[in-house]
Amino acid sequence: MLRLVGLVLWKDLVVEWRTREIVSTMLFFAVIVMLIFSFAFLSEGRASGDAVAGILWTAIAFSGTLGLSRAADRERDGDALRALLLSPAPRAALYLGKTAGIVIFMLATELVVAALSTVLFGAALSAHAAELSGLLLLGTIGYAAIGGLFSLMLGRARSRDVLLAVVLYPIIVPVIIAGSKGTSSLLESIPDLAAARYWIKFLAVFDIVFVTLALWAFEPLIVERG
Amino acid sequence: MKKMFVLTLSLAALGLLVSPWLILRAPQESTMGLVQKIFYYHVPTAMVDFLTIYLCGIASVAFLVKRSPRADALAVASAELAVVFGACTLWTGSMWARKAWGVWWTWDVRLTTFALCEMVFIGYLLVRSYGGPGSRGLAAALALFGCADVPLIYVSVSIWRTMHPQTTVVPNLVKPMAVPFWVAVFTMLMLYLALLLARLLHERNRTRVDELYVAAAEAGLEE
């Protein structure tokens with residue numbers, strides 16, 4: 001099972017390494033979102049901790065949708081998803097492999113976006129790198145677990161890009177709230193580490209619930225779609 | 001099903017006649033006065049909204065497991081009513097907020113998360129309309145995930161500060177207030193059941209028409 005997850009993941013990583021399409025477009029979009037928000041929230045060259053956290057997580061959420069759409073498009077081209085489904089691999093392995101790929105692409109983008117936040121907004125994000133990493137990793141897993149499922153299922157819909165945002169954003173709002181609140185508690189003048197750790201636990205619970213549900217739902221959904 | 005529809009509709013109509021009278025006769029709450037009477041319809045619509053959200057979730061799971069058209073019809077009817085009762089809850093809550101807090105809307109956690117639940121079920125209907133092949137399953141997954149989001153509302157309320165009155169209000173109501181409240185709950189429940197049955201009857205008739213159309217086409221009766 002783990003080997004098959006690794007194979008699906010490896011396929012996505014190799015395709016991305018050759019094209020560099022998903023990460024580069026996500027990164028470009030995330031930086032543009034940050035710049036646009038900075039016009040609204042910067043005051044005298046600095047932004048408050050709440051604003052930096054909000055900008056960071058909004059950029060992650062918006063650019064993530066772009067990555068999800070493109071990752072699903074790749075499976076639609078040449079009906080690649082059907083070919084994957086025809087293989088004897090367990091469906092759960094396909095889902096986990098695709099989701100792991102999305103998580104890695106998003107984390108690569110987030111690394112650069114977080115570094116840029118430090119430079120552009122003077123945010124002390126590196127001071128509590130362990131807590132920030134926990135928030136970003138768990139938030140990204142929750143986002144990708146739901147987003148990966150929905151983007152694959154919307155493969156044939158005409159207005160799939162619009163519908164992905166429609167179905168994804170209301171569900172992942174707890175991730176964005178937890179991520180931004182946790183990050184902003186790290187950026188306070190006296191960082192509130194207890195609050196950040198609470199939000200990390202909240203995200204862990206969210207991930208467990210939604211990864212379990214997505215794993216269960218993937219099989220019946222993919223059967224209907226296929 | 002038709003008999004049940006007539007019965008629930010009659011009981012809902014009776015409740016809608018009686019409950020305003022009972023609410024007017026109920027004692028006024030000391031701090032909020034007349035505005036507090038919104039509570040008698042606001043809370044029952046919220047309760048029925050949660051009921052229909054969970055019914056939609058359960059029907060969606062049944063659809064994903066058994067592919068039953070009945071479960072699908074129940075899920076879509078429940079989702080439509082979740083949007084209707086959610087909108088009623090948000091509207092009555094907004095009127096309360098205007099009088100109690102001086103604003104139509106506040107970013108109170110429960111208000112925000114309730115609005116998000118409403119968005120989930122509007123999303124459900126959009127997916128059903130424009131989702132293309134496989135949209136029934138996708139909408140079912142969305143309903144399932146939406147239901148899993150609901151407990152987060154309560155978790156978040158207990159963790160964050162909130163302006164919203166706490167949920168301990170209902171069990172502690174004095175009897176002259178409890179009677180009109182539970183009559184209003186019963187009324188909303190009957191109204192909900194009547195609307196649900198009407199929607200299910202409509203879905204059943206639509207399926208029959210589709211089957212007749214296919215049968216006519218196969219028999220060469222279609223022009």
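This briefing walks through a two-chain model, starting with the overall folds and ending with a few individual residues. Keep in mind that this is a predicted model. Chain A has eight helices and no strands, while chain B comes to six helices and, again, zero strands. The two chains touch each other, with 23 residues of chain A in contact with 23 residues of chain B.

**How sure is the predictor?**

- For the model as a whole, the scores are ipTM 0.80 and pTM 0.83.
- Chain B has an average pLDDT of 84, and 90% of the residues in that chain score at least 70.
- Where in chain B is confidence lowest, and where is it highest? The low spot is helix α5 (residues 135-159) of chain B, with a mean of 77, and the high spot is α2(B), at 91.

**Chain A at a glance**

- If you read chain A from the N terminus, you pass through α-α-α-α-α-α-α-α.
- Put a box around the C-alpha atoms of chain A, lined up with the principal axes, and you get roughly 55 × 30 × 30 Å.
- Does that go with a compact or an extended chain, and what is there to compare with? A compact globule of 226 residues would have a radius of gyration near 17 Å, and chain A has 18 Å, so the two agree.
- Out of those 226 residues, 47% count as buried.
- Take the contacts in chain A between residues at least 6 apart in sequence: 84% of them join residues at least 24 apart.

**Chain B at a glance**

- Along its sequence, chain B follows the pattern α-α-α-α-α-α.
- The box for the C-alpha atoms of chain B, again along the principal axes, is roughly 75 × 40 × 30 Å.
- Chain B has 223 residues, and 37% of them count as buried.
- For contacts in chain B with a separation of 6 or more, 79% come from residues 24 or more positions apart.

**Where the chains meet**

- On the chain A side, 23 residues are in contact with 23 residues of chain B.
- Three helices of chain A, namely α6 (129-153), α7 (160-186) and α8 (193-225), each supply at least two residues of the side that touches chain B.
- Which helix gives the largest share of that side? It's α8(A), with eight residues.
- Sorted by class, the side of chain A that touches chain B has 18 nonpolar, one polar and four charged residues.

**The nonpolar core**

- The largest nonpolar core has 126 residues.
- The residues with the most contacts inside this core are I146(A), L142(B) and A143(B).
- Leaving out residues up to four places away in sequence, A143(B) touches C56(B), G57(B), S60(B), A75(B), A79(B) and Y124(B).
- As background, nonpolar side chains tend to be buried together in soluble globular proteins.

**Two helices of chain B, and what follows them**

- α2(B) has 28 residues and reaches 40 Å from its first C-alpha to its last, close to the 40 Å expected at 1.5 Å a residue.
- Is α2(B) mostly enclosed or mostly open? Of its 28 residues, 20 are buried, so α2(B) is largely enclosed by the rest of the structure.
- Right after α2(B) comes R67(B), with a positive phi near 60 degrees, and R67(B) is a residue other than glycine.
- R67(B) sits in the loop between α2 (39-66) and α3 (69-100) of chain B, and R67(B) counts as partly exposed because it has 14 C-beta neighbours inside 10 Å.
- α3(B) has 32 residues and reaches 45 Å from its first C-alpha to its last, close to the 46 Å expected.
- α3(B) is followed by G102(B), which also has a positive phi, near 85 degrees.

**Two arginines of chain A**

- R18(A) belongs to helix α1 (residues 2-19) of chain A.
- Is R18(A) buried or exposed? R18(A) counts as exposed, because it has 8 C-beta neighbours inside 10 Å.
- R18(A) and Y95(A) are 77 residues apart along the chain, and 22 Å separates their C-alpha atoms.
- R20(A) is found in the loop between α1 and α2 (21-41) of chain A.
- R20(A) is not a glycine, yet it has a positive phi of about 55 degrees.
- R20(A) is exposed too, with 11 other C-beta atoms within 10 Å.

Key. Residues are numbered from 1 along each chain as its sequence is written. Chains are lettered from A and ligands numbered from 1 in the order in which they are written. This is a predicted model: local features need pLDDT of at least 70, side-chain atom pairs count only at pLDDT 80 or more; totals for chains, interfaces and linings use all residues. Helices (H or I, at least four residues) and strands (E, at least two) are DSSP runs, numbered from the N terminus. The radius of gyration is taken over C-alpha atoms; the globule rule is 2.2 Å times the number of residues to the power 0.38. A residue is buried if 20 or more other C-beta atoms lie within 10 Å of its own, exposed if 12 or fewer, and partly exposed in between; C-beta atoms are placed from the backbone. Two residues are in contact if their C-beta atoms, placed from the backbone, lie within 7 Å. Ala, Val, Leu, Ile, Met, Phe, Trp, Tyr, Cys and Pro count as nonpolar, Asp, Glu, Lys and Arg as charged, and the others, Gly among them, as polar. A nonpolar core is a set of buried Ala, Val, Leu, Ile, Met, Phe, Trp, Tyr and Cys residues joined through C-beta atoms within 7 Å. The expected span of a helix is 1.5 Å times one less than its number of residues. pLDDT is the predictor's confidence in each residue, from 0 to 100.
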